[in-house]
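This report describes selected local features of one protein model for a reader who is new to structural analysis. Please keep the sequence and the structure in view while reading.

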Amino acid sequence: MEPPLHLDVRTTVTDTMTWTIAQMADDFDVTHRALRHYEHLGLLSPERDGQRRIYHRRERTRLALILRGRRLGFPLEEVATILDMYDDQPGEVGQLTYLLSQIDDRRADLERRRRDIEDSLRELDELEKRCTEDLAQIG
């Protein structure tokens, strides 16, 4: 199940709403461990009430972006850089410019992988054909 990224949390969720780790995990179909890992890496910073984590809209938005970045194949370090740029200078313009350069790099990597997969599939087709022909000659 894919996380509800189609929701625009900026307009459907109020700033006063909060979520528990269980609610976040359920809403985004991730494990509690993944959320704690993202927190450990500094990608999420839920409020703490003793041992209890309290997630606000900011963490919800950041988690949606983290998961989208992961689905697109970005390493967590790149996701962190992009998220941090939004909060700090150069802000959204710098973030978007950087993201565009990363998209180009990621697209090139995926194109290389696609060519490799297509080459492998052709090789498998050829091998399968030879094996079938050899079996026909033997049998």
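Ser 45 lies in the loop that connects α3 with β1 (47-49). The model is a predicted one. Ser 45 is partly exposed, and its relative accessible area is 45%. In sequence, Ser 45 and Glu 59 are 14 residues apart, while in space their C-alpha atoms are 6.9 Å apart.

**Helix α3 and its two faces**

The loop of Ser 45 begins from helix α3, which spans residues 32-40. Which residues of α3 are buried? They are Ala 34, Leu 35, Tyr 38 and Glu 39. These four lie on the same side of α3, because they cover an arc of only 140° around the axis. The opposite face, turned away from the buried side, carries Arg 33 and His 40, and both of these residues are exposed. Just after α3, Gly 42 adopts a positive phi of about 85°.

**Salt bridges**

How many salt bridges does a search of the whole structure find? The search finds twelve. The table lists three of these pairs, with the distance between the closest N and O atoms.

| Pair | N to O distance |
|---|---|
| Arg 52 and Asp 49 | 3.6 Å |
| Asp 109 and Arg 112 | 3.6 Å |
| Asp 119 and Arg 122 | 2.3 Å |

In the pair of Arg 52 and Asp 49, Arg 52 counts as partly exposed because its relative accessibility is 43%. Asp 49 is also partly exposed, with a relative accessible area of 49%.

The remaining two pairs of the table belong to helix α6. Asp 109 and Arg 112 both lie in α6 and are three residues apart, which is about one turn of the helix. Asp 119 and Arg 122 are likewise three residues apart in α6, again about one turn. An α-helix has 3.6 residues a turn, so residues three or four places apart point the same way. Arg 112 is partly exposed, with a relative accessible area of 42%. In the other pair, Asp 119 counts as partly exposed at 34% relative accessibility, and Arg 122 is partly exposed with a relative accessible area of 45%.

Asp 109 and Arg 112 are also part of a wider arrangement: together with Arg 106 and Arg 113, they are linked in a network of salt bridges.

**A nonpolar patch on the surface**

Which residues form a nonpolar patch on the surface? The patch consists of Ile 117, Leu 121, Leu 124 and Leu 127, and together these residues have about 390 Å² of accessible area. Leu 124 is found in helix α6, which covers residues 91-138. Is Leu 124 buried or exposed? Leu 124 counts as exposed because its relative accessibility is 52%, and the cut-off for this class is over 50%.

**Aromatic rings**

A pair of aromatic rings is described by the distance of the centres and the angle of the planes. A search of the whole structure finds zero aromatic pairs. An aromatic ring does, however, take part in a contact with a charged group: the charged end of Arg 60 sits over the ring of Trp 19, at 4.6 Å from the centre of that ring.

Terms used
Residues are numbered from 1 along each chain as its sequence is written. This is a predicted model: local features need pLDDT of at least 70, side-chain atom pairs count only at pLDDT 80 or more; totals for chains, interfaces and linings use all residues. Side-chain values use heavy atoms; hydrogens and water are left out. Rings of Phe, Tyr and Trp (its six-membered ring) pair if their centres lie within 6.5 Å; planes under 30 degrees apart count as stacked, over 60 as edge-to-face and the rest as tilted. A charge sits over a ring if NZ of Lys or CZ of Arg is within 6 Å of the ring centre and within 35 degrees of the ring normal. Buried means under 20% relative accessible area, exposed over 50%, partly exposed in between (1.4 Å probe, protein chains only). The arc is that of the directions from the helix axis to the C-beta atoms. Patches are made of residues with over 30% relative accessible area and no salt bridge: like charges are joined within 9 Å, nonpolar side chains (Val, Leu, Ile, Met, Phe, Trp, Tyr) within 5 Å. Accessible areas come from the Shrake-Rupley method with a 1.4 Å probe; for residues, only the protein chains shown count as cover. A salt bridge is a side-chain nitrogen of Lys or Arg within 4 Å of a carboxyl oxygen of Asp or Glu.
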